[in-house]
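Biologist: I would like to learn how to read a model like this one. Where should we begin?

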Amino acid sequence: MRQDREILGRLASYVAANVLGMIGVSCYILADTFFIAQACGADGLTALNLALPAYSLMNGFGLMIGMGGATRYAISQAAGDRSGHERVFSHAMVLCLLCSLPFLLAGLGAARPVALLLGAKGEVAALTGDYLGMILSFAPAYMLNNLMLAFLRNDGAPRLAMTAMLAGSIANIFLDYLLLFPLGLGIRGAALATGIAPCIGLAIQSLHLLRKRNGFRLVRSLPGLRQTGDILSLGLSSLVLELSSGAVLLTFNVLLLSLAGNVGVAAYGVVANIALVVIAVFTGLSQGMQPVLSDCYGRGETRQIRLVYRASLAAALLLAVAVWLLGSGFSRQAVAVFNAQQDPVLAGLAVTGIRIYFVSFLFSGVNIVTAAALSAMNRPGGGFLISILRGLVLMFPAAVGLAALFGVNGVWASVPAAEAATTLLLPLLCRRKKEVRPS
């Protein structure tokens with residue numbers, strides 16, 4: 001049918017733009033890893049990996065407010081609620097600024113204690129503190145960047161959102177090299193480069209506010225408890241997704257420190273940062289799907305909802321198979337790029353880690369897309385349950401139990417085990433909530 005083709009075409013354009021943008025973000029994460037490995041060696045990789053849970057927490061709050069606010073904006077707009085969709089942007093903006101303050105203060109005055117809390121010791125603690133102090137100082141920019149990206153996608157400007165993400169990523173890669181090598185600023189320079197990226201993105205995104213077709217703007221309206229709860233509940237699965245990543249990082253860091261020392265954490269740094277690229281693409285897919293799905297939901301188009309969800313699910317599965325095959329075939333080459341000191345122990349741990357860990361993508365894509373679909377349709381409870389099951393409830397006991405049985409290999413295997421268990425539970429979770437079920 002013509003309407004189906006139009007819906008799928010719109011979905012493809014939104015997903016393509018958002019996935020390309022997320023790939024750009026992933027590339028600067030990989031660039032951070034590569035340049036830090038070259039400049040600071042295994043200690044630098046360890047410090048970066050120990051700092052990532054704090055970054056995930058900060059990023060998660062920005063995503064929660066951005067995705068929650070943008071979802072409400074899209075649903076209200078499709079349903080014809082003009083006053084509702086005009087106020088939500090201002091509410092979300094105020095929430096973003098308020099939530100960024102604790103991270104900003106921690107970056108300015110408590111970076112070293114946070115580093116120690118995350119498990120850093122000795123020289124690694126100093127490196128971790130330097131990285132955190134700089135990165136957390138840019139918290140307002142990170143959160144507002146996530147907010148604007150989500151609203152742009154839901155206001156018919158996915159290409160501008162993609163351009164902003166790519167511009168920030170390219171600038172970050174260039175600044176990484178400049179600040180780490182010619183200027184010799186060390187890990188603090190890498191963090192500064194990463195912090196500048198969302199500022200560049202915000203400058204580009206601000207162009208949308210000057211357009212006549214812009215559907216959102218700042219109005220004089222403070223968020224009440226009801227509006228705040230609505231925004232946060234719709235974006236909760238995005239926060240849980242990021243918190244889960246941080247919790248997994250923290251758990252794995254502790255386990256690998258006890259099993260293999262700093263080299264084990266450094267190996268996980270390589271595996272985790274490569275995996276972040278793939279997860280970012282799944283996230284890009286789900287975020288690109290959200291505006292289309294929320295619009296269909298607001299209009300009450302049940303058949304189109306199923307079409308969009310199934311097409312997104314098929315794309316996630318195809319991507320997962322391709323990544324697993326590439327990871328299995330080129331793991332040694334990928335690890336060698338980040339193993340500047342050619343440490344054979346690090347290489348062995350990371351290669352095995354990629355081959356086991358990447359099995360999880362066959363399930364995580366399905367889980368991420370389904371959680372995002374439920375939240376996009378004003379059903380945050382199901383999205384929250386899926387996100388918390390895969391990231392916390394199932395992951396923690398799997399990691400501890402399998403590590404006790406199989407050592408480092410058990411740590412790697414806990415990720416596919418938790419993701420597979422969550423996928424098996426999806427039909428039950430969705431049926432209970434009378435929500436979209438995976439087909």
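Modeller: Begin with secondary structure: helices (H or I, at least four residues) and strands (E, at least two) are DSSP runs, numbered from the N terminus. The chain has 15 helices and zero strands. This is a predicted model, in which local features need pLDDT of at least 70, side-chain atom pairs count only at pLDDT 80 or more, and totals for chains, interfaces and linings use all residues. Residues are numbered from 1 along each chain as its sequence is written, and side-chain values use heavy atoms, with hydrogens and water left out.

Biologist: What share of the 439 residues is buried?

Modeller: Buried means under 20% relative accessible area, exposed over 50%, partly exposed in between (1.4 Å probe, protein chains only). Here 57% of the 439 residues are buried.

Biologist: How many aromatic pairs does the count give?

Modeller: Rings of Phe, Tyr and Trp (its six-membered ring) pair if their centres lie within 6.5 Å; planes under 30 degrees apart count as stacked, over 60 as edge-to-face and the rest as tilted. That rule yields 13 aromatic pairs. One of them, Tyr-55 with Tyr-142, is edge-to-face, at 5.6 Å centre to centre and 85 degrees between the planes. Tyr-55 sits in helix H1 (residues 2-78) and Tyr-142 in helix H5 (residues 139-154), 87 residues apart. Both Tyr-55 and Tyr-142 are buried.

Biologist: Which kind of pair do Tyr-268 and Trp-412 form?

Modeller: Tyr-268 and Trp-412 are tilted, with 6.0 Å centre to centre and 40 degrees between the planes. Tyr-268 belongs to helix H9 (residues 236-299) and Trp-412 to helix H15 (residues 408-432), so the pair ties together parts 144 residues apart in sequence.
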